[in-house]
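Please open the model in your viewer and keep the sequence panel beside it, as this tour moves from the whole chain to a few chosen places.

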Amino acid sequence: MSATADHAEERTTPAVRLGFQPDQVVQEIGYDDDVDQELRESIEDTIGTELVDEDYDDVADAVVLWFREDDGDLTDALVDAVTYMDEGGWILLLTPKTGRDGYVEPSDIGEAATTAGLSQTKSVSVGKDWNGSRLLTPKGAAKKR
């Protein structure tokens, strides 16, 4: 019975709910002291390896992009992140929640995603300080294997 409980717990981790899977290569962009370490650990536990950093020069299955209002142009950051993704990949855009330093307006996220050629599939709370938006390329959104 405990094996079943263990499997149920694995399925309900934050990383699994966000769509991460074992053996994915996940690139992290925008890491700083304020990121949610529990979420990072959950992603690494789920994929079975460490997140690769901004200097990674190969293709990734997904990108975790921590973005704050002062980080520059969101559209540019999203366009840059897409260049690192494998076909069918996706971006988890993480922005500070309302009232937190670096908060980004949802309308700004929607506009930047559209301009970058991405579609937003869902927004979720990913911790006490961060909201997440899952963004897909049109090919990624329509691709079926």
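Begin with the whole chain in cartoon view and follow it from the N terminus, where the elements run in the order α-α-β-α-β-α-β-α-β-β-α. What you are looking at is a predicted model, and its protein chain has six helices and five strands. Of the 145 residues of the chain, 41% count as buried. If you then switch on the surface, its accessible area comes to about 8400 Å², of which 45% belongs to carbon and sulfur atoms. Among the contacts in the chain with a separation of 6 or more, 73% are made by residues 24 or more positions apart.

Next, select residues 37-47, which form helix α3, and pick out Arg40 within this helix. Is Arg40 buried or exposed? With a relative accessible area of 15%, Arg40 is buried, because the cut-off for that class is under 20%. To see what surrounds the residue, display the side chains of Glu28, Tyr31, Val35, Leu51 and Trp66, with which Arg40 is in contact when its neighbours within four places in sequence are left aside.

From there, move along to the loop between α3 and β2 (60-66), and select Asp55. Here the picture is the opposite of that at Arg40, which is buried, since Asp55 has a relative accessibility of 67% and therefore counts as exposed. If you draw a distance from the C-alpha atom of Asp55 to that of Ile29, a residue 26 positions away along the chain, the viewer should give 9.1 Å.

Now turn to helix α5, residues 106-115, and colour Ile109, Ala112 and Ala113, which are buried. These three residues lie on the same side of α5, because they cover an arc of only 100° around the axis. An α-helix has 3.6 residues a turn, so residues three or four places apart point the same way. Which elements do the buried residues of α5 pack against? Show α4 (74-82), β3 (85-96), β4 (119-125) and β5 (130-136), and you will have these packing partners in view.

Rotate the model to look at the face of α5 that is turned away from its buried side, and select Ser107, Glu111, Thr114 and Thr115, the exposed residues which that face carries. As a last stop, step past the end of the helix to Gly117, which follows α5 and has a positive phi, near 80°.

Conventions:
Residues numbered from 1 in each chain as written. Predicted model: local features only at pLDDT ≥ 70, side-chain atom pairs only at ≥ 80, totals over all residues. Heavy atoms only, no water. Helix = DSSP H or I, 4+ residues; strand = E, 2+ residues; numbered from the N terminus. Buried < 20%, exposed > 50% of the residue type's maximum accessible area, 1.4 Å probe, protein only. Contact = heavy atoms within 4.5 Å. Arc of directions from axis to C-beta. Areas by Shrake-Rupley, 256 points an atom, 1.4 Å probe, with all protein chains shown as cover.
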